[in-house]
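Me: I am going to show you a protein and ask how its labels are justified. Please set each value against the rule behind the label.

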Amino acid sequence: MNPTTTLATPRRAAPPTSGDIRRQGAPQSSTGRPPARRRLSRQHWQYAATAVIWLTSLFVVAIWVKGGGIEDAVSLGSNLFMSIGRLSGLVSANLLLLQTILLAQIPVFERGFGRAGITRMHRLTGIWSFSLMVAHIVLITMAYSLQGRMGLLSQFWDFTLHYPDMIFADIAVLLIILVMVTSARRARRRLRYESWHLLHLWAYLGVALAIPHMLSTGGDFLTSPLATAYWWTLWGVAAASIVIFRVGMPLMRSLRHGVRVSRVIPDGSRGVTVQMTGRDLDRLGAHAGQFFTWRFLDGHGWTRGHPFSLSAAPTATTLQISARVVGDGTRRLARLRPGTRVLLEGPFGHMTGQERGEGGLLMLAAGAGVAPMVSILEEEAFAPGQAVLVTRDHDAAELMRSEAIRRLVREKGLVHRPMDGPRARRGASWLPAGHAGWSGARLLQRLAPRSGRIGIDRCEVYVCGPDPWMDAVLRDLARAGFSADRIHSESFNPVPEPSPAPERQNH
C-alpha cells in the first residue's frame, strides 16, 4: 500500500437489536464496573505495593543510622569505608530478599505492578542488589585491610579462612554472579529457556547461603530486638511466599479444578492451539487477555512452567491457549495428548477488558500476539465498526485464530485489517514493506474506529507482540495523539529463546 491508497471500507454486520445489546451489555459496562473505579482500584494496589518497598528500604537505613553509621561516615580512614560498606550490605540484603518476594506472585505486587512491571523491577533490584553486594565486599575488605595493614587479597583470603560462615557467603556470591551473567541479554539468547530457568533457580540457594553470614558477622542484623524481628520477618515472608504462592496455591487450584487437555489442533501454518476442560473454572477469576504459567504432566521436564495467554474467553468449563511453535516448550504443546493433566499458576496480567473505558477498540497484534486480543474481543461487547483488529504476520497463512476472527467479523461487526509481508527496511518501523511509504502515526489515525462520535481521544488501544515491534507501535501511538492512559500493553518477552521469536511469543 502506498501513501495515497485509500483504506477499504470495513465490512459491517447488521446493527444489533435491543435484545442483543441487553445480552451483551453496553461497552462501558461490559465488565459490570465503571472504568474510573477499576483504574482507581489498581492505583490503590500500586500505592500499597510501592509503600511496602519504600518502608522496608527506609527501615534498613534507620538500622544503619542507629548503629552509628552517620558518625562513622564523616570520619576518615577505615571507619568511612566500614560505614559505607555496612550500609551497602544492608541495602543489598534487603533488595535481594525483595527481589525474591517480587517474583513469588504475591497478590499485592501482581495487582499493583502487573507482570511486566514486576519483571522490570525484578531486573532493576537485581542489578542494584548485585552492585551494592560487590561494593560491600570491596569496602569492608578495604576497611579491615587498613586496620590490619594487610593487602586486599590477603585480607579477603583471611576473611574466607577465619571468619564464621564466610565460605557460605563466598558460594552465595558465586551463585548470584552466575545468575547475573546468564541473565544478560546476549547470554540469554544463547541459552535454551529450560536451561536458563534451571540456572536462575540457583539464586534461591544463593539467598539461603548468605543468611548464616549475615547472622554471624553482620552486627547490624542483630543490633536490637526490632532489627532482629525485622530481618527474621522478611526472611520468613520470602520463604513463605515461595512455598505458598509458587507451590501450595497452584497445586491446590490445579487439584480443585481438575484441568485436562481435551484437544490439540494446528493454528495457522506455524501455530498450535490447546483446548482444556475443567470444573468451576470461573472461580479462578480469569479474564480474557490474561495469562497463566502452565505445566503439562506429559513426562520428563513437566516441572518447567511456560507462560501462555488465554486465546479464547474463559468459561466455567474451558480454557484455551495458542502459541507459535518456535522452541522446545511450544513444540511440546503440539505433542500433547487428550487427557493430559495440567498444573497452572495464575491468572496474571492487566491487559484485559477490565481496563476499558467508553470508546472504541483498536487492537494491534503481531504474530501470536493475536491470541489474547481475540480472547478480549470475544469477551467484550461492542457495536459493529466500533472495534478494529490489526494483525501483523510475515505471511497470511501464519495468521492464528483465523476462524475466530472471521466469526467476530461476521457476528459482532469486528473490522479486521491484516498487514502481512516482510518487515519494512525503514528504521524501526512496525509496518510491513508493503506499507513502507506510510507514516506509522498517520496510518494509526486512519485505522482507529470512528463509529458515531468516537475518535482517537476516546479510543482504547491494546498492543501485543514482540518487544521491538511493540516499542515502535507505542512510539507512533504517542505521535498520533492517542491518550496515554488508554493505551494498554505489557512486555511479554522477559526471557527470549535463541530463535526468531521468544518462547512466550503468543504475547
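Me: Why is Glu-398 called buried?
Reply: Its relative accessible area is 9%. Buried means under 20%, exposed over 50% and partly exposed in between, with a 1.4 Å probe and only protein chains counted. The value for Glu-398 falls under the lower limit, so Glu-398 is buried. Keep in mind that this is a predicted model, in which local features need pLDDT of at least 70 and side-chain atom pairs count only at pLDDT 80 or more, while totals for chains, interfaces and linings use all residues. Residues are numbered from 1 along each chain as its sequence is written, and side-chain values use heavy atoms, without hydrogens and water.

Me: What makes Glu-398 and Arg-324 a salt bridge?
Reply: The closest N and O atoms of the pair are 3.7 Å apart. The rule asks for a side-chain nitrogen of Lys or Arg within 4 Å of a carboxyl oxygen of Asp or Glu. The pair of Glu-398 and Arg-324 meets that limit, so the name applies. Glu-398 sits in the loop between strand S8 (387-392) and helix H14 (402-412), whereas Arg-324 belongs to strand S5 (residues 318-324), so their bridge ties together parts that are 74 residues apart in sequence. Helices (H or I, at least four residues) and strands (E, at least two) are DSSP runs, numbered from the N terminus.

Me: Is Arg-324 buried or exposed?
Reply: Arg-324 has 6% relative accessibility, so it counts as buried. The pair also belongs to a network of salt bridges that links Arg-270, Arg-324, Asp-393 and Glu-398.

Me: How many salt bridges does the rule give?
Reply: The count comes to eleven. One of them joins the side chains of Glu-403 and Arg-406, with 3.0 Å from N to O. These two residues are three apart in helix H14, and therefore about one helical turn separates them.

Me: What makes Glu-403 and Arg-406 partly exposed?
Reply: Glu-403 has a relative accessibility of 43% and Arg-406 has 46%. Both values lie between the limits for buried and exposed, so the middle label is used.

Me: How do you know that Arg-479 and Asp-476 form a salt bridge?
Reply: Their closest N and O atoms are 2.7 Å apart, and this is within the limit for a salt bridge. Both residues lie in helix H16 (residues 467-480), three residues apart, or about one turn. Their labels for exposure are not alike: Arg-479 is exposed at 60%, whereas Asp-476 is buried at 11%.

Me: What is notable about the phi angle of Arg-401?
Reply: Phi of Arg-401 is positive, about 55 degrees, although the residue is not a glycine. Arg-401 is in the loop between S8 and H14, and its 11% relative accessibility makes it buried. Asp-280 also has a positive phi, near 50 degrees. Asp-280 lies in the loop between strand S2 (271-277) and strand S3 (291-296), and with 43% it is partly exposed.

Me: Which residues make the nonpolar surface patch of about 330 Å²?
Reply: Val-61, Val-65, Ile-70 and Val-74 make it. Patch residues have over 30% relative accessible area and no salt bridge; like charges are joined within 9 Å, nonpolar side chains (Val, Leu, Ile, Met, Phe, Trp, Tyr) within 5 Å. Areas come from the Shrake-Rupley method with a 1.4 Å probe, and for residues only the protein chains shown count as cover. Val-74, in the loop between helix H3 (69-73) and helix H4 (78-102), reaches 66% and is therefore exposed.

Me: Why are S4 and S6 said to stand at the edges?
Reply: The open sheet has three strands in the order S4-S3-S6, paired antiparallel. Strand S4 (306-309) and S6 each have a single partner strand, so one side of each is left without a neighbour in the sheet.

Me: How do you know that S3 and S6 pair?
Reply: Pairing needs at least two bridges found by DSSP between two strands. S3 and S6 share five, in the antiparallel sense, so the pairing counts. Trp-294 stands opposite Leu-344 in S6. S6 (residues 342-348) also holds Pro-347, which a cis peptide bond with omega of about 10 degrees joins to Gly-346.
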